[in-house]
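Me: I'm new to this one, so could you walk me through it with a few questions and answers?

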Amino acid sequence: MLTVETIAQWMNGWTKDIKANKGYLNELDSVIGDGDHGSNLARGADAIEAALLTAPDDVPSTFKAVAMAIVSKVGGASGALYGTAFLEMYKESQRTTDMVKILDKAMKAMEKRGDSKPGEKTMLDVWEPVVKAAKRGNVTPIVIDDAVESTKDMKATKGRASYVGEKSIGHLDPGAVSSGYLFHNLFEVGLVG
Amino acid sequence: MLTVETIAQWMNGWTKDIKANKGYLNELDSVIGDGDHGSNLARGADAIEAALLTAPDDVPSTFKAVAMAIVSKVGGASGALYGTAFLEMYKESQRTTDMVKILDKAMKAMEKRGDSKPGEKTMLDVWEPVVKAAKRGNVTPIVIDDAVESTKDMKATKGRASYVGEKSIGHLDPGAVSSGYLFHNLFEVGLVG
Amino acid sequence: MTLGIVIVSHVAGLAAGVKTLVEQGAADVAITTAGGTDEGEIGTSVAKINAAIESNTADEVLAFYDLGSAKMNLSMAIEMSPKPVHLYDVALVEGAYTAGALLQAGVDLATVQEQLSQLKIK
Amino acid sequence: MTLGIVIVSHVAGLAAGVKTLVEQGAADVAITTAGGTDEGEIGTSVAKINAAIESNTADEVLAFYDLGSAKMNLSMAIEMSPKPVHLYDVALVEGAYTAGALLQAGVDLATVQEQLSQLKIK
Ligand SMILES: Nc1ncnc2c1ncn2[C@@H]1O[C@H](COP(=O)(O)OP(=O)(O)O)[C@@H](O)[C@H]1O
Ligand SMILES: Nc1ncnc2c1ncn2[C@@H]1O[C@H](COP(=O)(O)OP(=O)(O)O)[C@@H](O)[C@H]1O
Ligand SMILES: [Mg+2]
Ligand SMILES: [Mg+2]
Ligand SMILES: [Mg+2]
Ligand SMILES: [Mg+2]
């Protein structure tokens, strides 16, 4: 159930994965981007943890606290995108507690923010299949991993990786990997299935 | 006659005019450009005077000394253009002492450097009619002043003034004015007529 | 109604440098910048962008950015701002210089935008 | 044959800032800059441009500039330089970033030039 506690659990799992894989995310980003995706998100992870140390009043304020932590600390494209996603969750969670609806809205806000759609080798290539699976109730770790893996053979047409064009093919998108962590932890706390 | 002395006289007249009108040239440039044409050329004028304090060996070295002073001190578009002109005079004066031929070559080098031709509201709008008159032997102060004045109604399509497009109409081009000084002094020392 | 310019870059020195360049041809145009993250690292900051928009003394601003991630943070800041902001997908340095020179010359927004449309590369 | 990048701007901080930005996506590409006049004022310097070309450790360089007057001084420096210099009339920041990212990825000059041709605005 969507509560302050389950969100905090979800976020704690995500921030731990981010910090444990900070070097790996930087490495992935250094191949097709500017090498800072891990460092960017690690700054955000610390800020999220700090923001959730004292439990927020309710679900919307929890999402808002996460959004603000990300927006003010991450600094890169991923900060604007994850920040937008959690801001949208903040708004939508005032209307519904249906996590699938909330995720769907968040994804649409990200697409608008990034002027992007699935197939462009970004984190949206993880969001789209996972949100679709969530609608059907068949999210599994394999669905998530397959989505992350699918970015490998794509040619980037958005974000920094788009500058290297063809040369982006054959490498995982760093944002897809960090979104993979996000959904694995969401699955583990039982907020999607 | 083209000698080290007549060139020095020519240059001294020009640098005096530039320094006396430094504020005016800046003012003209501030209307349609960045307001530094007087300051740029005044730096060059000091450098030219310093370079000619000890008389160079011959005519080509005199032109070269002027070119180097301009190139190393002026810094703006006018530095590259006048620098190119005097470098070309240096080269051409090794082949001829005909000032009209030398001026013609210098003008062509400037056109190439600036990717520009007369009619674009630049110093070339002074060079072109004056060099043409020099070929016919009928340069007069009025010919020079008319050429400077002709830039007033032109629309700039090269240089910084081109950024303001239509708004450049109605104002003299600062480089045309400084080239006016150059030719007035050339006429006065009797190197064209 | 006055028009100002906001420069957003991942690098503080780059934003400041563009301002210096543009000011040369636009002495009377209000120009503010947002460069780098809050920690002074490479990146952009919604808070800094907000501050650049709000502290600009003009009633409306024209905004220019370097890379796509700056655009996203800029668009977040714009949504939060009460001041009208016009965002252009044009060459950063050349676009800002063009806008500055034209605003200095007193042309209207439509004319500035027409010129800027020729510098669209993003 | 190695390829490097030379950034020429009227403002020293702008040139340095572009280098900082480009380096993020091009850690192994040699990038040198020439910004401002010899006196540190706003403008460009043939001597500084020459130095940026010569001190660049690459065998050939791709050169980017801000405004037309920088291009003229750059073209003077190129005529004096023994090193091959490719000059592009493209958006300064976006062009240099594109070239840096592509060179870092190991693409050849022809491919870089093809991408740059889409950023031609001068
Ligand atoms: N326009 C976009 N739309 C969707 N996702 C994007 C876009 N631009 C970048 N991304 C995502 O952001 C990730 C890079 O994040 P990060 O490295 O933190 O930011 P930056 O690219 O500014 O350095 C990419 O791997 C990609 O997944
Ligand atoms: N492309 C060009 N071709 C010919 N003349 C030019 C060109 N660009 C600028 N100029 C001349 O240079 C003058 C401006 O010189 P200056 O103010 O010293 O340089 P900057 O424009 O770099 O500040 C203009 O008034 C014009 O006469
Ligand atoms: Mg990155
Ligand atoms: Mg980054
Ligand atoms: Mg000027
Ligand atoms: Mg200047």
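Me: Which residues come nearest to ligand 1?
Reply: Keep in mind that this is a predicted model. The surroundings of ligand 1 hold 21 residues. Of these, the nearest are Asp34(A), Asp36(A), Ala77(A), Ser78(A) and Asp173(A).

Me: Why is the site of ligand 1 shared between chains?
Reply: A shared site needs residues from more than one chain, and that is what we find here: the residues that surround ligand 1 belong to two chains, so the site is shared. The chains in question are A and C.

Me: How far from an oxygen atom of ligand 1 is a polar side-chain atom of His37(A)?
Reply: Some neighbours first: Asp29(A) has a polar side-chain atom 3.0 Å from an oxygen atom of ligand 1, and for Asp36(A) the distance is 2.9 Å. The cut-off for a polar contact is 3.5 Å. For His37(A), the distance from a polar side-chain atom to an oxygen atom of ligand 1 is 2.9 Å.

Me: How much of the area that ligand 1 exposes when taken alone does the protein bury?
Reply: Taken alone, ligand 1 exposes 560 Å². With the protein around ligand 1, the buried part of that area is 96%.

Me: Which helix gives the most to the shell around ligand 1?
Reply: Chain A offers helix 3 (37-51), helix 5 (77-92) and helix 9 (174-188), each giving two or more residues, and chain C adds helix 3 (68-80). The top contributor gives three residues, and that is helix 5 of chain A.

Me: How many residues of the shell around ligand 1 are charged?
Reply: The shell can be sorted into three kinds of residue. Five are nonpolar and ten are polar, while the charged ones number six.

Me: What spacing do the donors of the magnesium ion (ligand 3) follow along the chain?
Reply: The magnesium ion (ligand 3) is held at 2.0 to 2.2 Å by OD donors of Asp29(A), Asp34(A) and Asp36(A). Read along the chain, these donors give the spacing D-x4-D-x1-D.

Me: Which residue bridges the magnesium ion (ligand 4) and the magnesium ion (ligand 3)?
Reply: The two ions are 3.5 Å apart. The magnesium ion (ligand 4) is coordinated at 2.1 Å by OD donors of Asp34(A) and Asp36(A). The bridge between the two ions is Asp34(A).

Me: Is Asp34(A) buried or exposed?
Reply: Buried means a relative accessible area under 20%. By that cut-off Asp36(A), at 15%, counts as buried, and Asp29(A) is buried too. Asp34(A) has a relative accessible area of 9%, so Asp34(A) is buried.

Me: Over in chain D, is Gln113(D) partly exposed or buried?
Reply: Gln113(D) sits in helix 5 of chain D, residues 109-117. In sequence, 49 residues separate Gln113(D) from Phe64(D), and their C-alpha atoms are 13 Å apart in space. With a relative accessible area of 30%, Gln113(D) is partly exposed.

Me: What percentage of residues 5-188 of chain A is helix?
Reply: An unreviewed UniProt entry places the feature "domain: DhaL" at these residues. The end C-alpha atoms of the span lie 14 Å apart. Strand makes up 0% of the span, and helix makes up 69%.

Me: How far apart are the end C-alpha atoms of residues 2-122 of chain C?
Reply: Here an unreviewed UniProt entry places the feature "domain: PTS EIIA type-4". The span is 47% helix and 17% strand. Its end C-alpha atoms are separated by 27 Å.

Conventions
Residues are numbered from 1 along each chain as its sequence is written. Chains are lettered from A and ligands numbered from 1 in the order in which they are written. This is a predicted model: local features need pLDDT of at least 70, side-chain atom pairs count only at pLDDT 80 or more; totals for chains, interfaces and linings use all residues. Side-chain values use heavy atoms; hydrogens and water are left out. UniProt positions are given in the numbering used here, feature names are shortened, and annotations may be inferred rather than shown by experiment. Helices (H or I, at least four residues) and strands (E, at least two) are DSSP runs, numbered from the N terminus. Donors are N, O and S atoms within 2.8 Å of the metal (3.2 Å for Na, K and Ca); water is not among the atoms, so sites may look incomplete. Buried means under 20% relative accessible area, exposed over 50%, partly exposed in between (1.4 Å probe, protein chains only). A residue is near a molecule or strand if one of its heavy atoms lies within 4 Å of it. A polar contact is a pair of N or O atoms within 3.5 Å; within protein, one must be able to donate a hydrogen and the other to accept it, and residues adjacent in sequence count only if both atoms are side-chain atoms. Accessible areas come from the Shrake-Rupley method with a 1.4 Å probe; for residues, only the protein chains shown count as cover. Ala, Val, Leu, Ile, Met, Phe, Trp, Tyr, Cys and Pro count as nonpolar, Asp, Glu, Lys and Arg as charged, and the others, Gly among them, as polar.
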